[in-house]
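This report goes through selected residues and strands of one protein chain. It covers burial, strand pairing, aromatic rings, cysteines and polar contacts.

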Amino acid sequence: MQQFVIVTGMSGAGKTMTLKVLEDFGFITMDNMPPELLPQMFKLISERPEASKSRGVVATVDVRNVSKNFVKVIDDISTAWGGIVKVIFLTASDEELLRRYERTRRVHPLNKGRSTGAGIRTERELLAPVLDRADIVIDTSMMDLHQHRERLLKEFQMGNEAGVSILISSFGYKYGVPQDSSFVMDVRCLPNPYYVDELKNLTGEDKPVQEFLLKFPETKKFMELSKNFLDFAIPEFLNNVRGQLHIAVGCTGGRHRSVAVAEWLYENYSKIYNGVCVIHRDKGHGHQ
């Protein structure tokens, strides 16, 4: 079944990169479309012969084209079309967006006689209703190109047409908490394998690190209490909240404890729910 994907979000957060990646995945792409034209353009493109061989159609919409009826247009498409319609909202921290604008020397689209920071704040306000409507929110603050591709790959190529419903990720607090997380679990209270010489250069995916952590009763208690909470919260979230559930697990550097706990959660909940994936954002940094 074809998918119709609308990519929007903060300027500088990676819409163009997302469009290129999805094009590589086999989508027909349209850049910077006025929302009012989306239903007609999608209908025209989906009826072309080559559309049947594609994964679907993806269109980007930036803040300059977001109108008051943008959310209504999306809902109308969802109602009128029998396929899968997804809204991906890309975001990043204000600090990271400012760094990107300074690095590229680009001008913010809302920077009319104002500072770049003021433009970013105004854009967040204008896009707030769209963020609330989004099916997938991706924080690209700490992502490189490889991680960006991996995140999209798991969303669109995991063999589940409905996509990822539960994302479990690990991260390092020294690199920042993912802004798109629904629940954040802090595992810095657990014993740290980083200070064990033979474990320092391993990650939480390695059995010696997992076995080390499980030797401690506090680890087992933490996992028991976490599962009790998530066993209650996950079905409530999926039944009552629109969009994807993102469980972010953090330790100091995102290499050992958070990775191990995220792997354990993935192992447990992937047996219960469809569309569960795990990503380790900071595993490669080589710190605590």
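A residue counts as buried when its relative accessible area is under 20%, as exposed when that area is over 50%, and as partly exposed in between. The model is a predicted one.

**H108 and its surroundings**

By that cut-off H108 is buried, because its relative accessible area is 2%. H108 belongs to the loop between α4 (94-104) and α5 (116-133). Two polar contacts of the H108 side chain can be described. One is with the side chain of E123, at 2.9 Å. The other goes to the backbone nitrogen of L110, at 3.0 Å. With neighbours within four places in sequence set aside, the residues in contact with H108 are S11, Y101, T116, G119, I120 and E123. E123 therefore appears both in this contact list and as a polar partner of the H108 side chain, given that a polar contact is a pair of N or O atoms within 3.5 Å.

**Strand β8**

Strand β8 spans residues 245-251, and 7 of its 7 residues are buried. In a regular strand, side chains alternate between the two faces of the sheet. On one side of β8 are L245, I247, V249 and C251, on the other H246, A248 and G250, and all of these are buried. Both faces of the strand are thus covered.

Which strands pair with β8? Strand β6 (residues 166-172) pairs with β8 in the parallel sense, over 7 bridges. Strand β7 also runs parallel to β8, and 4 bridges join the two. V249 can be followed in both pairings: V249 is the bridge partner of S170, and M185 stands opposite V249 as well.

**Cysteines**

A disulfide is a covalent bond between the sulfur atoms of two cysteines. How many disulfides does the model contain? The count is 0. C251, a residue of β8, has its closest cysteine sulfur in C189, at 11 Å, which is too far for a bond. C251 is buried, with 0% relative accessibility. C277 is in no disulfide either, and the nearest cysteine sulfur to C277, that of C251, is 19 Å away. C277 counts as buried at 4% relative accessibility.

**Aromatic rings**

The whole structure holds 6 aromatic pairs. In one of them, F183 and F237, the ring centres are 6.2 Å apart and the planes stand at 70°, so the pair is edge-to-face. This pair links distant parts of the chain, as F183 is in strand β7 (residues 183-186) and F237 is in helix α8 (residues 217-240), 54 residues apart. F183 is partly exposed, at 21% relative accessible area, whereas F237 is buried, at 13%. Together with F229, F183 and F237 form one aromatic cluster.

A charged side chain also lies over a ring elsewhere: R188 is over the face of Y173, 3.6 Å from the ring centre.

**F27, S67 and K86**

F27 sits in strand β2 (residues 27-30) and is buried, at 4% relative accessibility. F27 and V5 are 22 residues apart along the chain, and their C-alpha atoms are separated by 9.2 Å. Apart from neighbours within four places in sequence, F27 is in contact with several residues, among them V5, L22, R55 and F156.

S67 is in the loop between β3 (56-60) and α3 (70-80). Is S67 buried or partly exposed? S67 is partly exposed, with a relative accessible area of 25%. Beyond neighbours within four places in sequence, S67 is in contact with P35 and E36. The C-alpha atoms of S67 and L126 are 9.1 Å apart, while 59 residues separate the two in sequence.

K86 is part of strand β4 (residues 84-91). K86 is buried, with a relative accessible area of 5%, and its side chain makes a polar contact of 2.9 Å with the side chain of E155.

The relative accessible areas of some of these residues are set out below.

| Residue | Relative accessible area | Class |
|---|---|---|
| H108 | 2% | buried |
| F27 | 4% | buried |
| C277 | 4% | buried |
| K86 | 5% | buried |
| F237 | 13% | buried |
| F183 | 21% | partly exposed |
| S67 | 25% | partly exposed |

Methods
Residues are numbered from 1 along each chain as its sequence is written. This is a predicted model: local features need pLDDT of at least 70, side-chain atom pairs count only at pLDDT 80 or more; totals for chains, interfaces and linings use all residues. Side-chain values use heavy atoms; hydrogens and water are left out. Rings of Phe, Tyr and Trp (its six-membered ring) pair if their centres lie within 6.5 Å; planes under 30 degrees apart count as stacked, over 60 as edge-to-face and the rest as tilted. Buried means under 20% relative accessible area, exposed over 50%, partly exposed in between (1.4 Å probe, protein chains only). A charge sits over a ring if NZ of Lys or CZ of Arg is within 6 Å of the ring centre and within 35 degrees of the ring normal. A disulfide is a pair of cysteine sulfur atoms within 2.5 Å. A polar contact is a pair of N or O atoms within 3.5 Å; within protein, one must be able to donate a hydrogen and the other to accept it, and residues adjacent in sequence count only if both atoms are side-chain atoms. Contact means heavy atoms within 4.5 Å. Two strands pair if DSSP finds at least two bridges between them.
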